Amino acid sequence: MIRVAVENITKSFGRTTAVDGVSLEARGGEVFALLGPNGAGKTTLIRMLMDIIKPDAGSITFDGEPISPVLKHRIGYLPEERGLYRKQKLTEVVAYFGRLHGLEKEDARQRAHEWLGRVELAEWEKKKVEELSKGMQQKAQIALTLLHDPDLIILDEPFSGLDPVNVRMVKDFIAELRSARKTVILSTHQMAQVEALADRVFMISHGRRVLYDSLEEIMRQHADNAVMVNEEVAAGGLPGVMRVDANAAPGRLQKVWLEEGQEPKGFIRLLLERGQPVEHYELAETPLEDIFVKLAREPVGEEVAS
């Protein structure tokens, strides 16, 4: 089920084109990663998805309809910047945002209480927001993003300020949303979290789409022609080897980059023929962070995958 459809949208500010002919689809029951370096047009794209600003051209639909005030109540948005009223009590702030999403007063209060319990802030309900730590405020914003049970959830840097325990909690929430067939659009610079959570990935650079495919396919297409072997293997100087990671820590695997045309199986066979002690061998994966950096530095041309 296509939940969000973006068709050839463009947005300019003066002479600067922030988003240039971008199209994408986000489906129900998936985590859709929205990536891009600083200044790439990602924030402008999110604001158009939220109907905060309008595109100059193109269209955005939510469940087949243009985004309207009624449909906005089915969207939950966690902005990167915190927007809590610091002098107000926590439970009042969270309930107030529920009211903004159309909940009745008592329902908003009840859900605020329940969600503050879920994010482990129940004992802080009567405290003023300014008394909360940065991480606590982030958890409060996650609660008010989800308490009205939205169908589309846009999370901009949801792990900011959270310790590993609370990062795990938020990841569990995201998994629950996926299982409930919600659509989660995840924008973050933490590539490890994208690798752990995302079903599909979209990357924008200089306002244009440069990457758009399933995470599995992206990792496959961008895989290095490299293998990981135990560090005792003396691969340097062997035919077919382009370079070797000389900085492998003791007891860690060593990465060996192979020349184009050299098959990993052939390399391993060569090691064995030469009596090398191959105790461990696996194909090397290219971290998503490396793919991100490579594409962010390249001139924008045709997109990598579609």
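**Reading a predicted model by its cut-offs**

Mentor: Just after α3, G102 takes a positive phi, with a value of about 95°. The model is a predicted one, in which local features need pLDDT of at least 70 and side-chain atom pairs count only at pLDDT 80 or more, while totals for chains, interfaces and linings use all residues. Residues are numbered from 1 along each chain as its sequence is written, and side-chain values use heavy atoms, with hydrogens and water left out.

Trainee: What makes a stretch a helix or a strand, and how many of each are there in the protein chain?

Mentor: Both are DSSP runs numbered from the N terminus, helices being H or I runs of at least four residues and strands E runs of at least two. On that basis the protein chain has 10 helices and 14 strands, and its C-alpha trace spans about 75 × 45 × 35 Å along the principal axes.

Trainee: Why is R252 called exposed or buried?

Mentor: The cut-offs refer to relative accessible area (1.4 Å probe, protein chains only): under 20% is buried, over 50% is exposed, and partly exposed lies in between. R252, in the loop between β12 (241-244) and β13 (253-258), has 56% relative accessibility and therefore counts as exposed. In space, the C-alpha atom of R252 lies 25 Å from that of E216, which is 36 residues away in sequence.

Trainee: And how do you know whether H148 is buried or exposed?

Mentor: The relative accessibility of H148 is 7%, and H148 therefore counts as buried. This residue sits in the loop between α5 and β7. Leaving aside neighbours within four places in sequence, H148 is in contact (heavy atoms within 4.5 Å) with H73, I75, G76, H101, L103 and R111. The C-alpha atoms of H148 and L103 are separated by 7.2 Å, although the two residues are 45 apart along the chain. Across the protein chain, 48% of the 306 residues count as buried.

Trainee: What makes a set of residues a nonpolar core, and which residues touch the most other members of the largest one?

Mentor: The members must be buried Ala, Val, Leu, Ile, Met, Phe, Trp, Tyr or Cys residues, joined through side-chain atoms within 4.5 Å. The largest such core has 36 residues, of which L90, V119 and I174 touch the most other members. Two or more residues each come from α3 (90-100), α4 (105-118), α5 (134-146), β7 (152-156), α6 (164-179) and β8 (183-187), and α6 gives the most, with six. V119 touches K139, A143, M169 and F173, if residues up to four places away in sequence are not counted. The buried residues of α3 include L90, V93, V94 and F97, and what covers the buried residues of this helix includes α4 and α5.

Trainee: Why are α5 and α6 called roughly parallel, given their packing angle?

Mentor: Axes are lines fitted to C-alpha atoms, for helices over the stretch in contact, and angles between N-to-C directions run from 0 to 180 degrees. Under 35 degrees is roughly parallel, over 145 roughly antiparallel, 65 to 115 roughly perpendicular, and the rest oblique. The angle between α5 and α6 is about 10°, with the axes 12 Å apart, and that makes α5 roughly parallel to α6. K139, I142 and L146 of α5 make the contact with N166, M169, V170, F173 and L177 of α6.

Trainee: How do you know that β1 and β2 pair, and in which sense?

Mentor: Two strands pair if DSSP finds at least two bridges between them. Strands β1 (residues 2-13) and β2 (residues 16-27) have eight, in the antiparallel sense, and the bridge partner of A5 is E25 in β2. Two residues lie between the strands of this hairpin, where G14 takes a positive phi near 65°. Five bridges also join β1 to β4 (residues 57-62), again antiparallel, with T10 opposite A57.

Trainee: What makes β12 and β14 (281-283) edge strands?

Mentor: They belong to an open sheet of four strands in the order β12-β13-β11-β14, with antiparallel pairing. Each of β12 and β14 has a single partner strand, so one side of each is left without a neighbour in the sheet. For β14, three antiparallel bridges join this strand to β11 (residues 226-230), and M228 has E282 as its bridge partner. Helix α9 (residues 264-273) packs on the sheet, touching β11, β12, β13 and β14, and the direction of α9 makes about 165° with that of β14.
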